Every structure is written in structure tokens, then in C-alpha cells.
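Work through the exercises below with the sequence and the model in view. Each task is followed by a solution in steps.

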Amino acid sequence: MRPMYLWLTATLVAVMLTGGCVDSEEPDLRTDINVLLVLPLTGSFQARGEVHKSAVQMAFRDLTASGDLLPGRTLRVWLVDSTSDEQEAERRVRKLIDEQFTDEGGNKYVDAIISSSEPAQIGSLPVALELEIPHFEISSGVRWDEFIDSGDSRAHELAFAAQAPSRLEAVFCAEYIDTRDVWERLLIVRGDRNTDRTHTKALRSRLAQISWPGRILNDSDLVFDYDTPWRDQLADVKAMSPQPDVIYFKVSGDKNIEDLLGDAKLLDLFPNLVTSGTTLDEQLLDAINPGIIDFLAKNFSFAARSPVSVELGNAPLDGFQSDFAVFLADNPVVEDYELWAPAAYDAAMALGLGIVAAGSTDGYAVADAIEAVSRDGQKVGYGDTARALDLVRQGTDIDYDGASGSFDVRNEPIDGSTRDTARAVPSEIRIYEARYEQGAAGGSYAALPDPEPQIL
């Protein structure tokens, strides 16, 4: 088995991850398979960046264990720090391509992009569409039509998501609010980003559909400015009369959520707080830093997507977690397992299998092949990579069931588009609440039984 290694570029913007022993071999633009991995290694989403990098490394290690994906073409994966700013992410991606992957004639040699986090996705997908190459987003849950024209035929073909859209969490929050008979007055608050507006729109729509008997206090969303301290804006909420029983809020970024909840504690904001578009952030559970778990245990619950659990039928997940723990033992930078690590692995695996099935790196051919290997063929599960590659090379249709679940790429309808496809993968959705015992070093998350978890 060939080890993975790192190579720093002169720009310090990217790191190259590639199969093969460390030697003096130089990249070859015309023959290499170049994949950009755009991840947050700094900023609001940095906790997931190193983990997702490792999961992708593990997948490409498995894919290249017995040789190159395509004869004579070395797979090289270039890591770009997306930070937490979408414009900076795009600047870094374009800078790397211009400096490393563009020849004297202006031809660009990048074959696919994998991203994780909303800023990484928004910063890199437009570049992928310009280059007409596949793009896989791992974790953000922002569907591409929230920031790209829904009539863009390239996006329908080339944009993939390794999970269901996060807006479904807002729909699930509406179901949850409806189960709480004591919640009669609801205030809806959001940040000023497009994805925040998408969530509150989905929440309002679902509450109307189910005829929620409570009262929404604001006909229009209360919009928070990311550049204004949360405590100043929350102080206005605390001064409202009548006070809401529950506040649904949507802001983007793990750090923004942590800071908003911290300011809510400082203000002793007593209504129940519900959100969507977040993760099971372990940092929030620490009793010292940020030290808000005692407050969250009384006030905070949220909807979250995840890869499909063992409980709901995804038996391979245990095997992946065990294998990944062994892989991480050699990487001291990564301290914890992260929820979307299986999806990161599966995205890289699907891309690799798609390249082999297409027999080339033609963007549209690979994109069609990614969908083809994900469903409607001979079942191949996680851990059976060698067999999957053999079948694909023999021309056999396969159905890859991954570490995160069935991983069936499905075509979701997009309103108002010239076509009707958004290639995404189903996810499990649950409602969680924070719990804490006084004096403990930290808290925990508990999944609530009502409403029942769903695969959407």
C-alpha cells in the first residue's frame, strides 16, 4: 500500500496530497489527475477541515492502493485553505489555478473540486463551472441554486452534494415546534445571508402547511447583521413585549452560533432557542470554554442532518469509524472524529470511481459516471474498494453504498429552472437538545424521539 504524503507549494496556499513514495517526481500538468480540496483550516469552520482532509486522504489511499485510477496518470490532491470567507476562498482557488495549473497557452489543468463548508462551496463552485469539471460539496447543505442561477445547465450536470440540503432541517424544526404544546409565541430571527433567508422561508412555509396553532410574532424576519455584536441585537429582542416562548434563529458558521449563544447567556435571554443548519458541535459542550453548556441545557435544541446511522440501517458506519480511528492515529493534528467524515470519504470515493468508470477526466463524462456508480447496479459496500474498481473496469454497473449510507445520487427538483436536477445524497435528520449535570466537565447531546428521525 502506498503512503500518502504532503508537499508545500511555493504560494503556501495549497498542500499536495498524493499517492506514491516521497521522491523528486515533479507534477505533470498534462498527465496528472489534479483534484482541488477546498477546506476551512482557519476561521469559523476550521474544526471540520483537518478531519475532512484526512477522510479524503483515506479514500484516495484506498482507491490507489493497487495502482493509478487511469493508466499512467498520477492522482494529486491539492489542499486550499478556504478560511471562513467566500471571497477569500475564491481568490485563493483562482490564484492557485493561475499559478500552478495554467500553461502558457492559458489552458487550465484541474479535473475536479471537493469542498466543505458554505464559504468553501460558494468560493469554489463557480470556478468548477467555468472549468466544466465536477464539484462535490461535503458538509454545508447549501444547495447550489441559492447562489447560482437555477437555469445554469452546467450546475445541473456538475454540482454534487454529499448530503441532503440543510433547508430540510428548518422544515423539521417546524415539525418539532408543532409538537411543543407549551410554545405559543414564536419569534423568527436570522442573519443577512441568503442561506439564512432560505431556512426561515422553509420554516414559515411548513408551519403554514401544518396549520400551527401558535402565533408568529413577526410577519417579516428579524434580520441580524453579522458585523454588529450579537448582544446588542439580542438586547432588542429581550426588550420585546410580549416575549416569545421560543425563538427560531438561523445564522451561518459554527463560531457565529457559539458567539450568539454565549451572548444570549450573558443577557439571560430566557425564551427557548431553536436553530437549524448547525452540527453537533463538541466545542459547545465544554463547561469552561465557552462555558455556556449550563445555559444551553435549559434553553437550546436544534435540527441536524447526519450520515445515516446504524440505528436507521447503515451497518457499515461502525466499520468506517473503526478504520478511520486507525488512520487518524498517524495524524496527530486531528483530535476528534467529525460528523461528516463518512460523507467526505464517500465524496472522494464516488469521484474516484466515476473517473475510472468514465475512463477519462472529461468533466461531464465523469459527472454522469458518478451518478451511475452510485445507484441501480451491482451492490458494492464500504470496504470493498478493490472489488468495486474491478467491476467498473470490467464494464459492470455498480451501486456504491458508502460509509454515510446508500449514497444514491438523486435528482431533486429546482423551481424555475430550465432543467430539474440538483444532484444530492439522502441524509438522516433528528432533533437534538443539550444536556448537562451541574459540576460536570462537559455536557452531551441527546436525540429527541418526537418527531421521529427521518431519512430525507
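**Exercise 1.** State how much of the protein chain is buried in this predicted model.

Solution. A residue counts as buried when its relative accessible area is under 20%. By that cut-off, buried residues are 56% of the 456 residues in the protein chain. The area that the protein chain exposes is about 18300 Å², and 47% of it comes from carbon and sulfur atoms.

**Exercise 2.** Decide how compact the protein chain is, given its radius of gyration.

Solution. Begin with the secondary structure: the protein chain has 13 helices and 20 strands. Next, compare its radius of gyration, 22 Å, with the 23 Å that the globule rule gives for 456 residues; the two are close, so the protein chain is as compact as a globular protein of that length. Then add the extents: along its principal axes the C-alpha trace spans about 70 × 45 × 40 Å. Last, take the contacts between residues at least 6 apart in sequence: 71% of them join residues at least 24 apart.

**Exercise 3.** Find which residues of helix H7 are buried, and how they are arranged about its axis.

Solution. Helix H7 covers residues 230–238, and its buried residues are Trp 230, Gln 233, Leu 234 and Val 237. Viewed down the axis of H7, these buried residues fall within an arc of 100°, so they line one face of the helix. Their cover includes strands S8 (185–191), S10 (222–224) and S11 (246–250), together with helix H8 (254–266).

**Exercise 4.** Count the charged side chains of the protein chain and compare the centres of the two sets.

Solution. There are 40 positive and 76 negative side chains. The centres of the two sets lie 3 Å apart.

Note on methods:
Residues are numbered from 1 along each chain as its sequence is written. This is a predicted model: local features need pLDDT of at least 70, side-chain atom pairs count only at pLDDT 80 or more; totals for chains, interfaces and linings use all residues. Side-chain values use heavy atoms; hydrogens and water are left out. Helices (H or I, at least four residues) and strands (E, at least two) are DSSP runs, numbered from the N terminus. The radius of gyration is taken over C-alpha atoms; the globule rule is 2.2 Å times the number of residues to the power 0.38. Buried means under 20% relative accessible area, exposed over 50%, partly exposed in between (1.4 Å probe, protein chains only). Contact means heavy atoms within 4.5 Å. Accessible areas come from the Shrake-Rupley method with a 1.4 Å probe; for residues, only the protein chains shown count as cover. Lys and Arg count as positive and Asp and Glu as negative; His and the chain ends are not counted. The place of a charge is taken as NZ of Lys, CZ of Arg, CG of Asp or CD of Glu. The arc is that of the directions from the helix axis to the C-beta atoms.
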